[in-house]
Amino acid sequence: MLLPDSKTELVRRGNKVVYDLGDKIVKVFNETKPVSDVFNEALNLARINECGIRSPKALEVSQLENANGWALVTEKVPGTTLAEKMTAEPQRFGEYLEMFVDLQIEIHATPPRCSTVSATSLPA
């Protein structure tokens, strides 16, 4: 994978940088991230999608050109992040926290056919 010049950096953490490509999001992992972990994150996204849990779909895992490391491309889900909402409207913190808890309850109430997905197997 060759990253376009038009990418916008969203966040930089330890062993990854997340970019907005316009219509997609790409997590670029450096050489310290085991490739098996990158594929496992894509697999976990596929599993939770199959269970009906709302989350971005994994579109591609590929090795980076001109650099050591791997990239995970996902669909871009339009909207505002919870962190952005809480920062913009701190007086609604309790309401947003309740929404987050409701989402966690929804995730943990998945049907038995999806029991292979657990909180410990989801990507960080």
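## Exercises around strand E5

Lys24 stands opposite Glu75 in E5. Keep in mind that this is a predicted model.

**Exercise 1.** Find out how strand E3 and E5 pair: in which sense, and over how many bridges?

*Solution.*
- Start by locating strand E3, which covers residues 24–29.
- Next, look across to E5, which spans residues 70–75.
- Now read the pairing: E3 and E5 run in the antiparallel sense, with six bridges.

**Exercise 2.** Now turn to E4 and work out which residue in E5 stands opposite Val61.

*Solution.*
- Strand E4 holds residues 58–63.
- E4 and E5 pair in the antiparallel sense too, over five bridges.
- Within this pair, Val61 faces Leu72.
- Have a look at the hairpin as well: six residues sit between the two strands, and Asn66 takes a positive phi near 65°.

**Exercise 3.** Decide for Trp70 and for Ser62: buried or partly exposed?

*Solution.*
- Take the cut-off first: buried means under 20% relative accessible area.
- Trp70 has 21% relative accessibility, so Trp70 counts as partly exposed.
- Ser62 has 12%, and therefore Ser62 counts as buried.

**Exercise 4.** Explore the surroundings of these two residues. What does each one touch, leaving aside residues up to four places away in sequence?

*Solution.*
- Trp70 touches ten residues you can look up in turn: Lys27, Val28, Phe29, Val35, Val38, Phe39, Val61, Ser62, Gln63 and Leu64.
- Lys27 lies 43 residues from Trp70 along the chain, with 8.4 Å between their C-alpha atoms.
- Ser62 touches Met1, Trp70 and Ala71.
- Finally, the side chain of Ser62 makes a polar contact with the side chain of Glu60, at 3.1 Å.

Key:
Residues are numbered from 1 along each chain as its sequence is written. This is a predicted model: local features need pLDDT of at least 70, side-chain atom pairs count only at pLDDT 80 or more; totals for chains, interfaces and linings use all residues. Side-chain values use heavy atoms; hydrogens and water are left out. Helices (H or I, at least four residues) and strands (E, at least two) are DSSP runs, numbered from the N terminus. Buried means under 20% relative accessible area, exposed over 50%, partly exposed in between (1.4 Å probe, protein chains only). Contact means heavy atoms within 4.5 Å. A polar contact is a pair of N or O atoms within 3.5 Å; within protein, one must be able to donate a hydrogen and the other to accept it, and residues adjacent in sequence count only if both atoms are side-chain atoms. Two strands pair if DSSP finds at least two bridges between them.
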